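Here are some notes to read alongside the model, set out as numbered points. They take up the pockets and then one of the helices.

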Amino acid sequence: MKPLILLTNDDGIHSPGLMAAAEALAGLGRLLIAAPQTQQTAMGRSFPRTDDLGILERVADFDGLPDAEGWAVHGSPAWSVAYGVLELAGERPALCVSGINYGENMGQTIGYSGTLGAAFEANSYGIPSVALSLETSPMEYYATDFPSQDWSSAQAALRKWAGWMLSFGSTPPADTLNINLPAIPLPPSRYHITHQSRQTHLVFQPPGPRDRSQPFQLRFLRQVDAAALEPDSDLYAVCVERVTSVTPMQCGFSCGWRRDPGPI
């Protein structure tokens, strides 16, 4: 029997990135898609209590794919994984895939990444994971109208690395692979094994004069100090060398694994 793959994200069940991931994974295993019903970017691994928490809606978006079913979960990315594992799966998935995300997740920003939060939640059940993100404009991070993207390189990378993780069975070499691709199309064979940078490349800006009695969302800018980046870090690979970054992680942290797996 083909392995069961749990697919999720933080952009929501109707994200084109999620569909692109499902298409890339088709054939590697049976797909259970359990993703947030609404946009949930930057929720990290949080478990907010809401009035509609736990509502599960069957969606037909993925019915055209072989061995696939989709569910919209009223809850955060981490909740989506929890309900997927404990209620929908019926067996422990062999792999969890989170993505393909609108916007990169690297350096110190992964602490609030819903994409990584879902992957880490899967790890808590002993399920290895792959989180895959595509560099986009910061204006697209919280999108609900989902601007069009070229997903082809991200799909090829996802299929390659998900297949590689599945090949290890129950003993993968890392809990999570955090994979980030630059926005420009490139061959998925061009990658570097990296570690998580200590730099924060998305910086909130001071709000300036405003009415403090009114709601206000801080805005951030992408600021990369290339001269200060660690040469073998995720940010250096994507932002300077413009190649795919593959960061192995253990228990939610970069584990310093530097062995190149060779041809895949």
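**Notes on two pockets and a helix**

1. In this predicted model, the lining of the second largest pocket divides into six nonpolar, four polar and two charged residues. The volume of the second largest pocket is about 160 Å³, and its lining is made up of Arg-92, Pro-93, Ala-94, Asn-123, Gly-126, Ile-127, Pro-128, Gly-169, Ser-170, Pro-172, Ala-174 and Asp-175.

2. The largest pocket holds about 220 Å³ of space, and the residues that line this pocket are Pro-138, Met-139, Tyr-141, Tyr-142, Gln-217, Leu-218, Arg-219 and Phe-220. By residue class, the lining of the largest pocket comprises six nonpolar residues, one polar residue and one charged residue.

3. Turning to helix H1, which spans residues 16-25, I would describe the helix as mostly covered, since seven of its 10 residues are buried. The buried positions in H1 are Gly-17, Leu-18, Ala-20, Ala-21, Ala-22, Ala-24 and Leu-25.

4. Against which elements do the buried residues of H1 pack? They pack against three strands, S1 (4-8), S2 (30-36) and S5 (95-102), and also against helix H4 (152-166).

5. Both ends of H1 deserve a look in the viewer. At the N-terminal end, Ser-15 acts as a cap, with one of its side-chain oxygens lying 3.1 Å from the backbone nitrogen of Gly-17, a residue that is itself buried in H1. Just after the helix, Gly-27 adopts a positive phi of about 100 degrees.

How values were computed: Residues numbered from 1 in each chain as written. Predicted model: local features only at pLDDT ≥ 70, side-chain atom pairs only at ≥ 80, totals over all residues. Heavy atoms only, no water. Buried < 20%, exposed > 50% of the residue type's maximum accessible area, 1.4 Å probe, protein only. Helix = DSSP H or I, 4+ residues; strand = E, 2+ residues; numbered from the N terminus. Contact = heavy atoms within 4.5 Å. Polar contact = N/O pair within 3.5 Å; in protein donor to acceptor, adjacent residues only side chain to side chain. 1 Å grid on protein atoms, 1.4 Å probe; cavity = no way out; pocket = protein on both sides within 12 Å on 5 of 7 lines; lining within 4 Å. Points joined across faces, edges and corners; volume = space filled by probe spheres on them. Nonpolar A, V, L, I, M, F, W, Y, C, P; charged D, E, K, R; others polar.
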